[in-house]
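Please work through the exercises below with the sequence and the structure open beside you. Each task is followed by a solution that goes step by step.

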Amino acid sequence: YRTGDVVRRRRDGQLEYVGRADEQVKVRGFRIELGEIEAALLSHPEVAQTTVMAREDRPGDKRLVAYVVPSQPGTFLDSGQIRQYVGELLPEFMVPAAVVTLPELPLTAHRKVDKHALPAPDYVEARRVRGPRDAREEVLCAVFAEVLGVERVGIDDSFFELGGHSLHATRVISRIRAVFGMEVPPRAMFEAPTVAQLVARIADAQGARTALVPARRPAEIPLSFAQRRLWFLNRLEGPESVTYNMPIALRLTGQLDCDALRAALSDVVVRHESLRTVFPEGEDGVPVQRVLDATDYMVEMPVRQIGEEEVPEAIAQAARHGFDLTAETPLRASLFGLSDTTHVLVVVLHHIAGDGWSMAPLARDVALAYEARTTGRTPGWEPLPVQYADYALWQQDVLGEESDPDSMISRQLMYWKQQLSTLPGQLELPADRPRPAVSSHRGGTVPVAVDAELHQGLVHLARESGASVFMVVRAAFAALLSRMGAGADIPIGTP
């Protein structure tokens, strides 16, 4: 259909008006030709008539809804089957959120579709394409819904079309390992993105690795491989280095109980062993973990009164505190008072004890502990099932020793040595200044705006390629670097 064409359908020898191909709506940032969707619906052998509209039954929640008249009077068309059919012809953002079967389309006196007379759809029914057929599908549907933060997932719903990405996929794989005791490779999520498809992969999967449980602690607890890297860099750069500091600054308004806040931070450090662990050198210079005793542990939180204009420098100064990981625990806290009701809390965490995903449980536990301490109680949380030292011992058990050529760690090291054997020492790019002899770790950010039309294209390309939007953008970035002279073997670090 060309723009401006009248979309019609012949029925019983009569031509009936359906819609115009130039009728456009804007839904979720996309400008959509309704006639193109209607043409796709009309190509279904069981659809005789249709009209599509964008409904906003709840303020700010605009959704595409298709109304269809079946070819066989008196029959009811399967909403999920119709949506799946349209999804094979059009990109995901053009698939109606609901399909409503009507015996006939309501018409105005001028024989046009009376859209004001069209009934509101049942979106819950529209989303429930097919429910789980057995216990495994029921568990997977629940896992998908939990990870994606949606109420319900059908067995035919694509994980990535519901907003999933690579990190979400990793969490699903972790849940599968814990629940089913099976080891499914992450790429399976891209090759089988629906519950119905993924169940078959689970049936063919290998048994899971050893479960992570509390371990018997040896006299010297080894570091995990991630800790070992960060410990080495800390010793290489010196304790004054702040490269791997993770500063968090919070402005607190209202009456603040400083003693309760200090006690709450101490409660959290007692709860999480990794926050009260030091890493001295053991025999032969090999670092070990030493978890400090939790008895009567109290976080030092100096309090200083400052003016509003001093806040930026005070935060920067607190963030510049270096950690000597061999003797100092990896968390520091400072409190700056601006008035009786305004304070700034700065917590500096070394990367050896936390990462981006650590922030949510850290904030949650501090809030719960502070709430308890302000009422004279200790936090009533359950003990953690495992600690990070247990993970380090489990990781060593799973990966094995580097001296064993048949161990998993040896096989992984050999793989990456082969993959990175031809890696260039540096990328030759047309920089606007000479490369410094020593890295300063000072960088900048370049904001990039992606409009709705470009985003639509990225989403469409990702769907066609069986990839995530991140993978598409990363490939484009690599192509750009190659065109600028970086060659064909391009290392890209992704935080």
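**Exercise 1. Find the buried residues of helix α15 (residues 469–486), and state which helix they pack against.**

Begin with the burial: the buried residues of α15 are Val472, Leu481 and Ala486, where buried means under 20% relative accessible area, exposed means over 50%, and partly exposed lies in between, with a 1.4 Å probe and protein chains only. Helices (H or I, at least four residues) and strands (E, at least two) are DSSP runs, numbered from the N terminus. Next, look for the partner: these buried residues pack against α14 (452–465), contact being heavy atoms within 4.5 Å. Finally, step past the end of the helix, where Gly487, just after α15, takes a positive phi of about 90°.

Two notes on the basis of these solutions belong here. The model is predicted, so that local features need pLDDT of at least 70 and side-chain atom pairs count only at pLDDT 80 or more, while totals for chains, interfaces and linings use all residues. Residues are numbered from 1 along each chain as its sequence is written, and side-chain values use heavy atoms, with hydrogens and water left out.

**Exercise 2. Decide whether Ser468 is buried or exposed, and list its contacts beyond its neighbours within four places in sequence.**

First place the residue: Ser468 lies in the loop between α14 and α15. Its relative accessibility is 4%, and therefore Ser468 counts as buried. Leaving aside neighbours within four places in sequence, Ser468 is in contact with Ser166, Phe190 and Ala462. As a last step, compare positions along the chain and in space: Gly164 is 304 residues apart from Ser468 along the chain, yet their C-alpha atoms are separated by 8.2 Å.

**Exercise 3. Describe how helix α4 (residues 135–148) crosses helix α7 (residues 195–204), and how α4 packs with helix α5 (residues 166–180).**

Take α7 before α5. The axes of α4 and α7 come within 10 Å and cross at roughly 115°; axes are lines fitted to C-alpha atoms, for helices over the stretch in contact, and angles run from 0 to 180 degrees between N-to-C directions. The contact draws on Arg136, Glu137, Leu140, Cys141 and Phe144 of α4, and on Val195, Ala196, Leu198, Val199, Ile202 and Ala203 of α7. Turning to α5, α4 packs with it at an angle of about 145°, with their axes 10 Å apart. On the α4 side the residues that meet α5 include Val139, Val143 and Val147, and on the α5 side they include Val172, Ile176 and Val179. A general point helps in reading such lists: an α-helix has 3.6 residues a turn, so residues three or four places apart point the same way.

**Exercise 4. Compare the burial of Cys141 and Cys258, and state how many disulfides a search of the whole structure finds.**

Cys141 counts as buried because its relative accessibility is 6%. Cys258, at 23% relative accessibility, counts as partly exposed. The search of the whole structure finds 0 disulfides, a disulfide being a pair of cysteine sulfur atoms within 2.5 Å.

**Exercise 5. Give the strand order of the open sheet of 4 strands, and explain why β14 is described as largely enclosed.**

Start with the order, which is β10-β15-β14-β13, with mixed pairing; two strands pair if DSSP finds at least two bridges between them. The edge strands are β10 (245–253) and β13 (303–305), each of which pairs on one side only. Neighbouring strands of this sheet are turned by 20° against each other on average, direction ignored. Helix α10 (residues 311–319) packs on the sheet, where it touches β10, β13, β14 and β15, and its direction makes about 25° with that of β15.

Now follow the pairings. Strand β14 (residues 331–339) and strand β15 (residues 342–350) pair in the antiparallel sense over 8 bridges, and the hairpin that joins them runs through 2 residues. Within this pair, Leu331 stands opposite Leu349 in β15, and Ala333 has Val347 as its bridge partner there. β13 and β14 pair in the parallel sense over 3 bridges, with Phe336 in β14 as the bridge partner of Arg304. As for the enclosure, β14 is largely enclosed by the rest of the structure because 7 of its 9 residues are buried.
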